[in-house]
Amino acid sequence: MDFSKYRLAREELRWTCDPEQFDTAAANNNEPLSTFIGQDRAVRALEFGLAVERPGYNIFVSGKAGTGKSTVIRSHLEAAIKQDTNHAKGHHVYDWCYVFNFEDHDSPRVIRLEPGMGKQFVRDIAELQSNLSHAISTAFDDDAYKNEVRRINDEASQSRNVQIAEAERAALAKNFSVQVGSMGIAVVPLKDGKPLERNEFVAMSKQQQEEIDTAQREVAERIETVVGRLRTLEENRLEAIHGIDGKVVENVVKPPFAVLENKYRDVDTIQQFLAGLREFSLTEVQILQAAETQDEQARPTIPGDQAAMPQAGLLPFRVNLFVDNSAIDRKQIIVEDNPTFPHLFGNIERTPVPGAALTNHMMLKAGSLVRASGGFLVLEARDVLTHPAVWPALKRVLKGGEVRPEDPSDLAILGLFPQGLRPDAIPIDVKVVMTGEPEVYSLLVAHDPEFWEIFKIRADLDHQTANTASRILEYSRFITDLCNKRELRHFTKTGIASVVEHGARMVESQKKLSTRFGLLADLVVEASEYAARSDSDLVGREHVEEALEQRVYRAARVADAIQGLMIDGTLIVDLEGKKVGQANGLAVYGDGDLMFGKPNKITIRTYMGQQGVINIEREVRLGGAIHNKGVLILTGYLGATFAQKFPLSVNISIAFEQSYGPVDGDSASSTELYAILSSLADVPIRQDIAITGSVNQAGDIQPIGGVNEKVEGFFDLCKAAGKLGSAGILIPRLNVKNLMLRRDVVEAAGKGEFHIYSAASVLEGIEILTGLEAGEPDENGHYPADSVNGRAEAKLRAYADGLRGYYLRHDGRDNGV
């Protein structure tokens, strides 16, 4: 039988990029790339999302690693900022300050100012405190003030002395003395001008004692009256001094506060703050005086002390410049690469003290959300989702449009621990651009109903694009740009063509090119390094291929070890001859960043019975769902092909030999079917041809993934075992367009040392493997007797007759056979 019609020609095994389409030998004079290759759909979505300034129109940029998500985002954000000619439209940046709240010390107030005014406000309040402290100290040190206080004190002293003298005269008239001590005023009886001793008082008659007691009470009452007058005198003295102090302080405080009130007359929150600060300055004069005479930094105080006792320091004069946008003249682009709760939302720092952790408004720290307000915030989805409590809080902030610094401790976030401060919330207007893999996007859409409310735009970056002349030119520009930016050696025509070909291999297509330019950039860098090692000024095809070969070599330890086990016979794989009910399937394995193909011996045993297809992998729970589905499809094919006039009365045992782990995927289902037909027809199939491809119930061979790795894996094994010549592989015809084989495989195929066949159906495939005609049914539904299907049909009919005869002989019934 002529198999040439199934054998692929050399030019079908690999698409080759024509290097002559590039302009120069060095290919280093291309125009710079001004667009993103193959991302028209995503770019349009991104541009639309950036243009819509409405709540919820945040953007999720999805794409595989290496598709340039960060580059695309940065470029378009920069472009959007440049096009934003009206700075105040939609987005605006402000300075934000937190100040002391005189009504509720645990709720710092927030103040919004135009960019640059925050620093000025901080300076103004600091200068206000400094000037007040100096002016108050100067005023209280004035001679006029001191003379007036001295006069009040002298008058009060004179009046006090008069009252005490009067009390002493009244007491002496009754033969008593008045003694003033730390315990108060005491009235002591006298005898001969001296204090009466206790024993002398006891020795007196009862009448004398009563007379002294009566006189003492009268004197004490008189003294109490005098004491009341003295108390009134002292209150009047203090009131007079306080009145003078109040006038002095008011005269000092009023002018500087009036200046600031006028300066910030349009900012209501500052007016409210200055009113409270003025009242504080009038009532806490001692604090301002102490600040002038004693260096505040040298005092043994900590911020927490002032938070606990707000009247005990200068904390009310402290302004926390929470967000300083003085140097910002356009929208901000903030890329938060570590979106922890404090980094994203801000936090409240604490000062530990014995038994507590204290804080105040000066210990509030801003997060990325408020710093990016008026602009853009770029986040990575996995980072956001893996940090505790960040995702729920982010949804709350984006829906509510405001954020406040919160305690970063988990207990506080979860509401299980009281928060020391609850600052005013800051309204934000920020466009969040989140990046992530398509799988992450799908999970959020499926499991979070609020996701759509806050991320209404999706920009989905494709991992591949059409293989056209314009795209190839863009590839060359990409390489040129990269070489210029990273100071790499430039590429020759063939060097660029080799990179473009690898781009096609990355997506397993002769009609597509990869857009994972992060991975391609790595190849460009590595090829430039190998060119440098060979003292070449330019990077050619040989350097690109060396870079690819070395990549495989570095990662191929496991692949080589498995191949070694097959060569020495530990893993049994037949690479020559023919056998009945046995075929070499192919699987793709991954080891880090390397994917490699490996053959698996698949054996089939068929015998009389009614169990149908027995999947051993499934029976021992090693078969995955897709693999099990593929095996069940075989029953449908066999029934449709052979069981139209008699029932299938067969047991078919399928085993992946020397397989001790999970098996999944349906790419071996055609291999299994070929081996089943071989066993039923008792026709051997070639062992030097490995097989891949899935099959449907109609017998069509369906495409599979990893076709290049499978072909190359079997080629490498045959080459290492010295079995090239007749060896080859059978692939689905629909996979021919996916072939981008290594050059050595293509060369071997061109020399007739390795053969690659394609089949569109089971009938074509079984002919290639057995050398016999598959067989088509005649008008009666019977297959030619010498065909594979004819022999299989005969075997199945014999099984059906035999099983029916068995039941009739043993129990007198046909059991439905």
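Leaving out residues within four places of it in sequence, His 76 touches Phe 36, Val 43, Leu 46, Glu 47 and Leu 50. In this predicted model, His 76 belongs to helix H2, which spans residues 69-83, and the residue counts as buried because its relative accessible area of 10% is under 20%.

The largest pocket encloses about 1,800 Å³ of space, and of the 49 residues lining it, those closest to its centre are Arg 505, Val 552, Leu 594, Met 595 and Glu 712. Among the elements that give two or more residues to this lining are helix H18 (493-506), strand S22 (594-608) and helix H25 (707-720), while the largest share, eight residues, is supplied by H20. Sorted by class, the lining holds 19 nonpolar, ten polar and 20 charged residues.

Salt bridges number 40 in the structure, and three of them are set out below.

| Acidic residue | Basic residue | N to O distance |
|---|---|---|
| Asp 324 | Lys 119 | 3.5 Å |
| Glu 406 | Arg 396 | 3.5 Å |
| Asp 688 | Arg 686 | 3.0 Å |

The side chains of Lys 119 and Asp 324 meet in a salt bridge; since Lys 119 lies in helix H3 and Asp 324 in the loop between strands S7 and S8, the pair ties together parts that are 205 residues apart in sequence. Both partners are partly exposed, Lys 119 at 37% relative accessibility and Asp 324 at 33%. By contrast, Asp 688 is buried at 7%, and Arg 686 is likewise buried at 14%. A network of salt bridges also links Arg 14, Glu 501, Arg 541, Glu 545 and Arg 743.

Conventions. Residues numbered from 1 in each chain as written. Predicted model: local features only at pLDDT ≥ 70, side-chain atom pairs only at ≥ 80, totals over all residues. Heavy atoms only, no water. Helix = DSSP H or I, 4+ residues; strand = E, 2+ residues; numbered from the N terminus. Buried < 20%, exposed > 50% of the residue type's maximum accessible area, 1.4 Å probe, protein only. Contact = heavy atoms within 4.5 Å. 1 Å grid on protein atoms, 1.4 Å probe; cavity = no way out; pocket = protein on both sides within 12 Å on 5 of 7 lines; lining within 4 Å. Points joined across faces, edges and corners; volume = space filled by probe spheres on them. Nonpolar A, V, L, I, M, F, W, Y, C, P; charged D, E, K, R; others polar. Salt bridge = Lys/Arg side-chain N within 4 Å of Asp/Glu carboxyl O.
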